[in-house]
Amino acid sequence: MEIVGQLQKQFVDFSTSLYGEGFLDEQYLQLQKLQDESNPDFVCEVVSLFFDDSEKLLNNLATALQQQVVDFKQVDAHVHQFKGSSSSIGAQRVKNMCVAFRNFCEEKNLDGCLRCLQQLNHEYFLVKNKLETLFRLERQIVEAGGTVPVIVA
Amino acid sequence: MGCEMESDQPEDLDVVLTSMWPEDMNEAGRQFNVERPGGDQDMLEEVTINKEPNIVDFQRLMELTNYSDKGNWQLAKLVKNWEFKQANVVRLLKEELDQLSKQQQEVELKKLEILEEHRFEKDGYGGDKRPISILDENLRYLYQDAPKRRKDDVVSQGEIVAIDAEYDSVVYWKQRAMHLEKLLEASLQREQVLVEKLQESIESLERQSTPVEELSQVLKRADNFLHFVLQNAPVVIGHQDKDMRYRFIFNHFPTLGEQDIIGKTDVEIFTGAGVKESQDFKKEVLERGLPAKREITFETELFGSKTFLIYVEPVFSKAGETIGVNYMGMEVTDQVRKREKMAKLREEIAVQKAKETELNKTIHITEETMRAKQMLATMSHEIRSPLSGVVSMTEILATTNLDKEQRQLLKVMLSSGDLVLQLINDILDLSKVESGVMKLEAAKFRPREVVKHVLQTAAASLQKLLTLEGHVAEDVPIEVIGDVLRIRQILTNLISNAIKFTHEGKVGINLYVVPEPSDVNEHGSEKKSRDQSTLSANTNGNGHADNSPSCEESELNDTSCDQNGDQMDQDKESRMKAEERIVWIRCDVYDTGIGIPEHAMSTLFKKYMQVGADTARKYGGTGLGLAICKQLVELMGGYLTVSSVEQHGSTFTFVLPYKVSSASDSDDTEELSDTYQLGDDGYDDDLNSGVFLFPPRTLGTLFSSQINGRIPKLLPNSYGNNCNDLLEDSPLPCSNKEGTSEEGSDSSGGAMETASSVPDIDNIRPVAQQEQETASECSSTNRTGVEKSETKQHKILLVEDNKINIMVAKSMTKQLGYAIDVVSNGAEAVKALQRSSYHLILMDVCMPVMDGLQATRLIRSFEETGSWDEAVKAGVEMETTSHQSCSTSQVEETRKRVPIVAMTANTVSESADECYANGMDSFVSKPITLQSLKQCLQRYLV
């Protein structure tokens with residue numbers, strides 16, 4: 001029981017830090033609300049989908065920006081996608097980076113775009129790491145026989 | 001000319017006439033190669049000549065020789081020849097006479113000389129006494145007895161008398177006188193001889209034959225030769241006068257006497273086939289005056305069946321008139337027989353060859369057919385395999401945890417999948433049935449379920465205002481054993497046929513138990529079964545006691561009809577009974593359609609046959625359906641009949657025997673009902689209820705059996721128009737284009753009827769698919785309605801390209817109790833709207849292909865104009881161009897302005913103003929939250 005308590009505490013702390021540091025926002029809580037008995041792994045599923053999707057988009061972006069003639073419209077479309085999905089799961093910092101990215105796209109600022117892509121990559125892997133850690137904690141809690149605490153922002 | 005010299009004839013003989021046959025007798029005579037018989041050998045000697053067959057009317061011959069040119073001519077020749085011969089003889093005789101007289105003179109002269117000598121005492125020389133030949137060497141006559149030169153007759157001449165005595169002496173004179181006396185004596189002797197000779201000659205002349213005798217001899221000789229030649233020849237020679245009476249006949253094998261033939265005609269002599277013909281032929285020759293040949297086969301009592309080659313030539317009188325015919329016949333029966341045999345053989349060979357060719361052709365065709373069949377099988381297999389995949393996946397899916405709607409949908413899916421599999425098997429089945437390799441399955445199934453499924457499936461794809469109903473009599477067992485696939489195939493086939501040919505009214509299935517038919521074979525397919533029908537109905541009405549006890553039906557019926565009650569007891573009882581019983585179940589598939597004309601009944605069950613070319617064009621279909629049905633029914637030991645009244649409807653009836661395994665009834669029932677309890681509530685009722693009703697416009701309601709016969713009123717056109725309308729309105733696969741154009745005018749009003757042609761059974765699959773799609777949409781709504789007890793059958797369309805957003809939005813709407821359809825761009829949204837109608841559209845603004853703003857504009861344009869022209873202009877591929885113009889009711893529906901809520905990300909390009917400007921009603925900010933979504937939905941979906 002002690003382990004469960006520890007894990008639960010760890011989970012709450014970690015979650016709070018994620019919200020505090022702006023990695024996640026209330027939208028993530030929305031996801032958690034959608035998760036119920038009929039859909040016990042909903043959040044995990046959505047986030048996994050987000051990971052797959054994001055990695056594809058990042059690859060596409062990298063490729064698009066390496067072209068001799070950069071199609072900013074296409075880049076913008078990718079970023080738009082990325083922004084949409086990140087905002088849907090509440091990956092706030094990724095979303096913000098996307099907004100900045102889109103501005104550079106509008107300006108057709110290749111340098112700015114490349115910089116943004118780098119940062120976006122960074123932000124994405126950061127949030128991915130955080131979320132994976134969060135899920136691991138969740139699993140551990142469940143495995144230990146405890147219940148995952150509900151975080152209310 | 002064969003005038004060979006006899007070896008014993010002197011070479012120096014110079015005889016004018018040496019041959020027995022006059023050399024220059026006539027041309028006809030030359031045709032006979034007659035050998036001159038030798039003196040010591042007569043070649044005819046050894047030959048016995050049978051003169052019997054020669055029957056001659058001599059008088060006629062005389063007439064002929066007298067009156068016919070030919071005879072005349074021939075006779076003249078003979079006479080001429082004889083005259084010539086006689087002249088010759090006369091000449092010879094004259095010559096001889098001359099000679100004789102000459103000799104006489106000489107002798108006289110000599111006498112005088114001698115006298116003179118004696119007178120002058122001086123005898124001159126001895127005188128030239130020439131020997132006289134009494135016969136000239138030319139004097140040889142025709143025959144052997146002709147006078148021959150006789151050397152010995154010739155007196156030596158030029159003999160010089162040699163006298164040894166001295167001249168002028170007494171002795172000399174004495175000697176001389178003596179000598180002369182001797183000479184005189186000799187001379188006298190010679191004279192005597194000559195006189196004798198003369199006498200002899202005269203005698204011989206007298207002995208010489210008369211011309212007639214001679215001619216007869218010639219003729220006889222020719223006759224002999226002819227006989228010799230002809231004696232064994234199978235020849236008949238005859239002469240008939242112009243009345244066709246026989247005057248002469250030569251027949252080597254006579255069967256009739258002279259008196260039977262001469263003076264009679266062919267017809268008088270013989271009877272039988274060919275006689276008349278031969279007589280006619282002879283007459284013809286007689287009339288035409290030209291010789292002719294003909295082969296005639298006689299079939300007479302006298303000489304049986306014989307074929308003669310007959311040559312007939314006319315005989316002319318001096319005046320040139322035909323006075324009769326000569327005819328010659330040769331028996332050629334064997335030759336004809338051989339010839340015919342040959343001809344027959346040749347014919348047989350020809351036939352053989354033709355057969356061979358035909359066989360080769362057939363082999364070729366068979367090979368082709370086999371190849372084609374093989375290909376068909378391969379193709380079917382190719383199609384079947386992936387389809388089996390789909391169906392089995394569906395089956396697996398059915399085992400997972402599903403809610404009621406999903407289960408229902410899966411059931412329809414499975415049904416339809418099975419159906420397509422069947423259809424693919426159909427062609428193979430047909431050939432299998434035909435070749436007798438079709439195997440029937442024996443599996444337990446529930447007739448009620450089959451009826452329900454069939455009707456359900458039919459209802460799902462129904463495009464007309466028809467009531468589909470099913471009545472299963474109580475006495476029909478819950479479970480029977482049979483080939484359910486085939487039975488369902490038959491039912492589906494008949495039902496879709498019925499629907500196809502029915503424009504208003506109802507189509508239904510009646511199922512009830514009938515007594516075992518006395519003789520299945522009696523029921524021909526063409527035989528109408530009205531009587532049977534009423535009889536069976538009565539039987540059912542009167543209760544089960546009437547049922548034939550022979551097949552233990554009464555017990556069975558008891559069992560089945562008491563199922564509502566204490567079924568367990570019954571089951572116990574039935575377990576005691578025989579494992580298997582046979583029950584005959586009659587199935588009527590009736591409709592109120594156009595009926596079948598009388599003349600088409602006979603071809604109804606034939607392959608590829610439809611009532612008329614018209615029908616085929618109007619209703620489509622391959623014409624295979626009924627043929628397969630009939631074959632299948634008969635294969636299962638039943639019979640399929642039809643009765644129909646034109647313009648009033650048709651009833652197809654099939655009666656099949658089923659095994660009933662009572663022992664396992666209860667277990668399965670329990671199991672199955674357990675399973676079904678997971679499904680919709682209706683299943684419990686289904687088990688016992690035999691009434692299924694699918695009224696028009698609510699067709700496809702999956703719970704229709706719940707109403708149990710209660711006919712719901714037509715739903716209003718308002719918002720309550722639920723998914724079923726969508727279903728009906730959903731665009732049909734291309735096969736319906738035809739139907740739409742063909743039958744659009746027939747519709748009695750109501751939008752759906754414009755596309756009223758029920759797709760042919762072959763086309764059911766795509767329709768079924770369609771139906772599933774739309775059904776899934778509506779059932780989701782149903783589900784939420786059930787779960788959340790807010791029976792809102794609202795349809796929401798989410799237009800969103802982001803997968804994560806979709807997932808989240810779906811989850812949220814689900815939690816809020818709504819199901820949504822999802823499309824990923826504006827163009828698809830337009831298409832979805834064309835296909836179906838929605839109560840709310842959640843529209844992302846920024847999307848690939850077509851953004852939300854444009855899509856909204858297009859939708860609004862349609863709502864105003866009722867036409868998708870704008871959308872088409874914008875490059876959206878509309879599914880059927882004809883559809884938009886025909887679905888008038890749908891237009892009304894969709895013209896009710898559908899709320900469109902934009903989902904914006906609050907960027908500059910997605911400003912709220914722009915959303916409104918493009919016809920959107922509202923917007924929610926992205927990312928959407930449960931709260932915002934709930935508010936939005938509550939606002940638009942009351």
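Q: Where is Met244(B) found?

A: This is a predicted model, so keep that in mind as we go. Met244(B) lies in the loop of chain B between strand E2 (235-241) and strand E3 (246-251).

Q: What is the sign of its phi angle, positive or negative?

A: Met244(B) has a positive phi, about 65 degrees, although it is not a glycine.

Q: And is Met244(B) buried or exposed?

A: Buried means under 20% relative accessible area. Met244(B) has 0% relative accessibility, so it counts as buried.

Q: Which residue of chain A can I look at for a positive phi?

A: Try Lys108(A), another residue other than glycine, with phi near 55 degrees. You'll find Lys108(A) in the loop between helix H5 (92-107) and H6 of chain A. To call a residue exposed, you need over 50% relative accessible area. Lys108(A) has 58%, so it is exposed.

Q: Now helices. At what angle do H3 and H6 of chain A pack?

A: Helix H3 (residues 42-66) and helix H6 (residues 110-143) of chain A pack at about 160 degrees, and their axes are 11 Å apart. Angles over 145 degrees count as roughly antiparallel. That is why H3(A) and H6(A) are described as roughly antiparallel to each other. As for handedness, H3(A) passes H6(A) in a left-handed crossing.

Q: Which residues make that contact?

A: From H3(A), they include Val47(A), Phe50(A), Phe51(A) and Leu58(A). From H6(A), among them are Leu117(A), Tyr124(A), Phe125(A) and Leu131(A). Sort the contact by class and you get 18 nonpolar, two polar and three charged residues.

Q: How do I describe the surroundings of one residue, say Ala902(B)?

A: Start with its place: Ala902(B) sits in strand E19 (residues 900-904) of chain B. Next comes accessibility: the relative accessible area of Ala902(B) is 0%, so this residue is buried. Then list what Ala902(B) touches, leaving out residues up to four places away in sequence: Met843(B), Val845(B), Cys915(B), Met920(B), Ser922(B), Phe923(B) and Val924(B). You can also take a C-alpha distance: Ala902(B) and Gly919(B) are 17 residues apart along the chain, and their C-alpha atoms are separated by 10.0 Å.

Q: Which residues of chain B does the "coiled-coil region" annotation cover?

A: An unreviewed UniProt entry gives that annotation for residues 90-117 of chain B. Now set the record beside the model: over residues 90-117 of chain B, the chain is 100% helix and 0% strand. The end C-alpha atoms of that stretch are 40 Å apart.

Technical notes:
Residues are numbered from 1 along each chain as its sequence is written. Chains are lettered from A and ligands numbered from 1 in the order in which they are written. This is a predicted model: local features need pLDDT of at least 70, side-chain atom pairs count only at pLDDT 80 or more; totals for chains, interfaces and linings use all residues. Side-chain values use heavy atoms; hydrogens and water are left out. Axes are lines fitted to C-alpha atoms, for helices over the stretch in contact, and angles run from 0 to 180 degrees between N-to-C directions. Helices (H or I, at least four residues) and strands (E, at least two) are DSSP runs, numbered from the N terminus. Angles under 35 degrees count as roughly parallel, over 145 as roughly antiparallel, 65 to 115 as roughly perpendicular and the rest as oblique. A crossing is left-handed if the near helix is turned anticlockwise from the far one by less than a right angle, and right-handed if clockwise. Contact means heavy atoms within 4.5 Å. Ala, Val, Leu, Ile, Met, Phe, Trp, Tyr, Cys and Pro count as nonpolar, Asp, Glu, Lys and Arg as charged, and the others, Gly among them, as polar. Buried means under 20% relative accessible area, exposed over 50%, partly exposed in between (1.4 Å probe, protein chains only). UniProt positions are given in the numbering used here, feature names are shortened, and annotations may be inferred rather than shown by experiment.
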